[in-house]
Amino acid sequence: MNANPIFSLHVPTRLLFGCGEIKRLATESFAGKKAMIVITSGGSMRKYGYLDKVIELLKENDIASIVYDKVLPNPIKSHVMEGAAICRELGCDMVVGLGGGSSIDSAKAIAIMACNDGDYWNYVQGGSGKGHPVKGALPIIAIPTTSGTGTEADPWTVITNEEKQEKIGFGCAYTFPTLSIIDPELMVSIPPALTAYQGFDAFFHSVEGFIANCATPISDMYALESIRLLYKYLPIAVHDGKNLKARAKIAWASTLAGLVESTSSCTSEHSLEHAMSAYYPQLPHGAGLIAISEAYFESFRNDCMKRYMKMAEIMTQQKSNRPSDFIEALVRMQKECDVYGLRLSDWGLKEEDLPKMAQNARDTMGGLFRFDPRPLLEEEVMDIFRKSFK
C-alpha cells in the first residue's frame with residue numbers, strides 16, 4: 001500500500017446479518033413484485049427446505065416467484081443467457097440468488113442480461129470479452145448459504161464462457177446486490193470438505209487484498225479481521241458443522257472478505273485458479289486455490305515482508321520476526337482443516353496442461369497481475385504450477 005493512499009468507498013448494498021434474519025424477506029420493501037430465484041442444479045436448496053422458505057417469505061411480502069435451477073458449481077454463460085431470456089419472458093423485475101457464490105454470481109449476470117441486449121460476453125472485460133458498457137440491471141437480492149465468495153458484499157460475478165474456456169470475473173456498479181441477507185442458520189448443512197474449500201476462498205480474498213498494491217486503510221481493516229476469524233474458526237466449522245458460533249464467525253469473515261473485494265482487489269492467484277477451473281470445471285474453486293497457495297505466496301515472501309508478518313501475528317496472536325511465519329501458519333491452517341496437499345490430478349488435471357493454463361491466466365484475467373506486489377515472471381508462474389501439481 002502507498003504511504004499516502006488516495007481511495008474512495010462506496011458499497012451500496014444493504015446487509016442484514018444474523019441468525020434468523022432470513023425472515024426479514026417477508027417485511028422488507030422491494031421495488032419489484034415478481035422474483036426469479038436462482039439456485040444450482042445440485043438439489044440442496046430443496047433438500048434442506050431453503051427454497052421453500054424463501055418462496056413462502058416472498059409470498060408473505062406479496063411477491064410472486066419463479067425458480068431457475070440449472071446453475072453449475074462453475075456457472076456458465078449459456079445458463080446466464082437462458083435464465084435472462086426466461087426472466088424477460090415471464091416479466092420478472094428482481095433476481096434472488098440463493099445458495100453459494102455460483103448461484104449469486106449467476107443471479108447478478110442474469111440481472112444484467114435481463115436489461116441489456118446481445119450476448120453476456122459483449123459486456124465482459126478481459127479475454128475475448130468486448131467490454132461494452134452495462135446500461136442497467138434488475139435489483140439483486142443475495143442470500144448466501146455458504147461462507148466463501150463474499151459476493152453478497154461486492155459487485156463481482158465469475159462466469160465461464162464454456163465455448164472459449166474463459167473464466168472471468170466481471171462487475172460494475174449495477175451488480176452490487178441491493179440487499180444481502182446473511183443468515184448463519186442456512187449454513188449448518190455444508191459438508192466438511194466444502195466448508196473448507198469455501199472458507200479458504202474467503203481467506204485468500206482477504207490475504208490477496210491485503211498484499212495487493214492497491215490496498216487501502218479500509219480494506220486492510222476488513223482483511224485482517226477476516227483473516228483472524230477464519231484462522232480461528234474455520235477448523236472448528238469444518239469438524240463441527242452444526243457449531244452455530246463458528247458458522248456465524250466464518251459467515252461474517254466471508255462478508256468482510258467481500259468488502260475487501262469492494263475496496264482492494266484479488267491478485268494473480270485468482271487468475272491462475274480461474275484458468276485451472278476454466279479447463280476443468282469439476283475442480284472446486286477453493287480447492288484449486290488451496291492447491292497452489294503455498295507456492296504462490298512463497299513467491300512474494302520477500303516482497304511484502306511486513307505484511308506477511310502482520311498476517312502471521314493476527315493469525316497466531318504471537319510476535320512474528322520473519323515473513324515465513326505466515327507461510328507456516330497457512331500450512332498449519334490447511335492441515336487443521338484436512339485440506340493440505342490436495343492432489344490436482346484427482347480432478348483430472350494433467351501436467352502437460354500447465355503451460356496453456358499459465359497462458360490462459362494472462363489472456364483472460366491478466367488485469368489482476370497488475371495488483372501483485374511485484375510483476376510475476378512467466379517462469380515464476382510455471383514454477384508455481386509445477387510445485388503445486390500432484
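**Close-ups of a predicted model**

**View 1. Asp338, out in the open.** With a relative accessible area of 56%, Asp338 is exposed, because anything over 50% gets that label. Keep in mind that this is a predicted model. Asp338 sits in the loop that links H11 to helix H12 (354-365). Look at its backbone too: Asp338 isn't a glycine, yet it has a positive phi of about 60 degrees.

**View 2. Gln317, another loop residue.** Hop to the loop between helix H10 (305-316) and helix H11 (324-336), and you'll find Gln317 there. Is Gln317 buried or exposed? Its relative accessibility is 59%, so it counts as exposed. Here again is a residue that is not a glycine but has a positive phi, in this case of about 60 degrees.

**View 3. Strand S6, tucked away.** Now for a strand: S6 covers residues 157-161, and five of its five residues are buried, so the rest of the structure largely encloses it. Which way do its residues point? Thr157, Ile159 and Asn161 head one way from S6, while Val158 and Thr160 head the other way. Whichever way they point, all of them are buried.

**View 4. The S6-S7 hairpin.** S6 teams up with strand S7 (residues 166-170), and the two pair in the antiparallel sense over five bridges. To pick out one pair, start at Val158 and cross to S7, where its bridge partner is Gly169. How many residues lie between the two strands of this hairpin? There are four, and Gln165 in the turn has a positive phi of about 55 degrees. S7 is mostly covered as well, with four of its five residues buried.

**View 5. Glu273 and its neighbours.** Helix H8 (residues 268-279) is home to Glu273. How much of Glu273 is accessible? Its relative accessible area is 0%, so Glu273 is buried. Setting aside residues up to four places away in sequence, Glu273 touches Lys167, Leu283, Pro284, His285, Gly288, Leu289 and Ile292. One of these, Lys167, falls within the 166-170 stretch of S7, the strand you met in the hairpin view.

**View 6. Ile110 and what it touches.** Ile110 belongs to helix H4 (residues 101-113). Its relative accessibility is 0%, so Ile110 is classed as buried. What does Ile110 touch? Not counting neighbours within four places in sequence, Ile110 is in contact with Met36, Val38, Tyr68, Val80, Gly83, Ala84, Cys87 and Val95. For a sense of scale, Gly97 is 13 residues from Ile110 along the chain, and their C-alpha atoms are separated by 9.9 Å.

**View 7. Stepping back to the whole chain.** Zoom out and you can place those close-ups in a chain with 13 helices and eight strands. Its C-alpha trace spans about 60 × 45 × 45 Å along the principal axes. Why call the fold compact? A compact globule of 390 residues would have a radius of gyration near 21 Å, and the chain has 20 Å, which agrees. Buried residues make up 60% of the 390. Of the contacts with a separation of 6 or more, 78% come from residues 24 or more positions apart. The accessible surface totals about 15300 Å², with 52% of it belonging to carbon and sulfur atoms. As for charge, there are 40 positive and 46 negative side chains, and the centres of the two sets lie 3 Å apart.

Notes: Residues are numbered from 1 along each chain as its sequence is written. This is a predicted model: local features need pLDDT of at least 70, side-chain atom pairs count only at pLDDT 80 or more; totals for chains, interfaces and linings use all residues. Side-chain values use heavy atoms; hydrogens and water are left out. The radius of gyration is taken over C-alpha atoms; the globule rule is 2.2 Å times the number of residues to the power 0.38. Buried means under 20% relative accessible area, exposed over 50%, partly exposed in between (1.4 Å probe, protein chains only). Contact means heavy atoms within 4.5 Å. Accessible areas come from the Shrake-Rupley method with a 1.4 Å probe; for residues, only the protein chains shown count as cover. Lys and Arg count as positive and Asp and Glu as negative; His and the chain ends are not counted. The place of a charge is taken as NZ of Lys, CZ of Arg, CG of Asp or CD of Glu. Two strands pair if DSSP finds at least two bridges between them.
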